[in-house]
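I opened this entry to record what I looked up in the model, going from the sheet to the helices and then to the pocket.

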Amino acid sequence: MSRFDCIVVLGHSAREDDPVMQARVRKGVELYRAGLADCLIMSGRWSFKLRHSPPQRTEAEVMRDYAASLGVPPQAFLLEYESTDTLSNAYFTKVRFLMPLDWRRLCVVTTEEHNERALWLFTRVLGPEYDLEMRPAAAVGSLAEGLERNRRLLRQIQGALEGIADGDHDAIADLLFTRHPGYVDDPEATREVEAALL
């Protein structure tokens, strides 16, 4: 029996040559080959910052194709292609796959500099009934600079999510679909959340 129900690989860019995306996918493939799970969920549409000039393919599709080039078979993939940031990576993974499939054990793959923020957001969205483990790939570029940026972003998004209990995906959905720049095209309504994400 596999240790996890799935391995979730977080998107970074829809560019095929993006080194951060490649590092995350290689780590996910390494864990898949080690037998930690039979399924790779590739999570990512594109950044909400690209909403006015979106790429031709989603991050999830680019990650799947890169993993397939490394020998992962087609049946191993599920694609989550609605998320536009780490918060929505967690939300859409939960409501599109984990809840319908009754999966409670997941391994999340990102890069080292992003790990702390991703862990906090997935914990907030998933709640205590999920068994979550992070398996980061090595940082690409300066780890110190990446950690500093991600810790600043974490402090900002913690403020925006204040008052939302761990596991309350309905409250997260309300925030996403009424105040998040990835899903609402109203600068006034999204100002607070967008400021927390930049």
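Entry 1, the sheet. I began with the strands of this predicted model, and found an open sheet of five strands in the order 3-2-1-4-5, with parallel pairing. At its edges I noted strand 3 (77–80) and strand 5 (131–134), each of which pairs on one side only. From one strand to the next, I read an average twist of 25°.

Entry 2, one strand pair. I then looked at how strand 1 (residues 6–10) meets strand 4 (residues 105–109), and recorded parallel pairing over four bridges. Within this region I wrote down that Ile7 stands opposite Cys107 in strand 4.

Entry 3, helices on the sheet. Which strands does helix 1 touch where it packs on the sheet? I listed strand 1, strand 2 (40–43) and strand 4, and I noted that the direction of helix 1 makes about 170° with that of strand 1. For helix 2 (residues 59–69), which also packs on the sheet, the strands touched are strand 1, strand 2 and strand 3; here I took the angle against strand 3, and the two directions make about 160°.

Entry 4, a helix pair. I turned next to helix 5 (residues 143–160) and helix 7 (residues 187–197), which pack at an angle of about 155° with their axes 7 Å apart. Since angles over 145 degrees count as roughly antiparallel, I entered helix 5 and helix 7 as roughly antiparallel to each other. On the side of helix 5 the contact is made by Leu153, Gln156, Ile157 and Ala160, and on the side of helix 7 by Glu192, Ala195, Ala196 and Leu197. Sorted by class, the residues of this contact are six nonpolar, one polar and one charged.

Entry 5, the largest pocket. I looked up its volume, which is about 650 Å³, and then its lining of 32 residues, of which His12, Lys49, Thr86, Arg117 and Arg149 are the closest to the centre. Which helix supplies the largest share of the lining? I found that helix 5 does, with six residues. At least two lining residues each come from helix 1 (19–33), helix 3 (86–101), helix 4 (115–126), helix 5 and helix 7, so I noted here that the two helices of the previous entry, helix 5 and helix 7, are both among the contributors. By class I recorded twelve nonpolar, twelve polar and eight charged residues in the lining of this pocket.

Methods:
Residues are numbered from 1 along each chain as its sequence is written. This is a predicted model: local features need pLDDT of at least 70, side-chain atom pairs count only at pLDDT 80 or more; totals for chains, interfaces and linings use all residues. Side-chain values use heavy atoms; hydrogens and water are left out. Axes are lines fitted to C-alpha atoms, for helices over the stretch in contact, and angles run from 0 to 180 degrees between N-to-C directions. Angles under 35 degrees count as roughly parallel, over 145 as roughly antiparallel, 65 to 115 as roughly perpendicular and the rest as oblique. Contact means heavy atoms within 4.5 Å. Ala, Val, Leu, Ile, Met, Phe, Trp, Tyr, Cys and Pro count as nonpolar, Asp, Glu, Lys and Arg as charged, and the others, Gly among them, as polar. On a 1 Å grid over the protein atoms alone, a cavity is a set of points where a 1.4 Å probe fits but cannot get out, and a pocket is an open set with protein on both sides within 12 Å along at least five of seven lines; lining residues have an atom within 4 Å of a point. Grid points are joined across faces, edges and corners, and a volume is the space filled by probe spheres set on the points. Two strands pair if DSSP finds at least two bridges between them.
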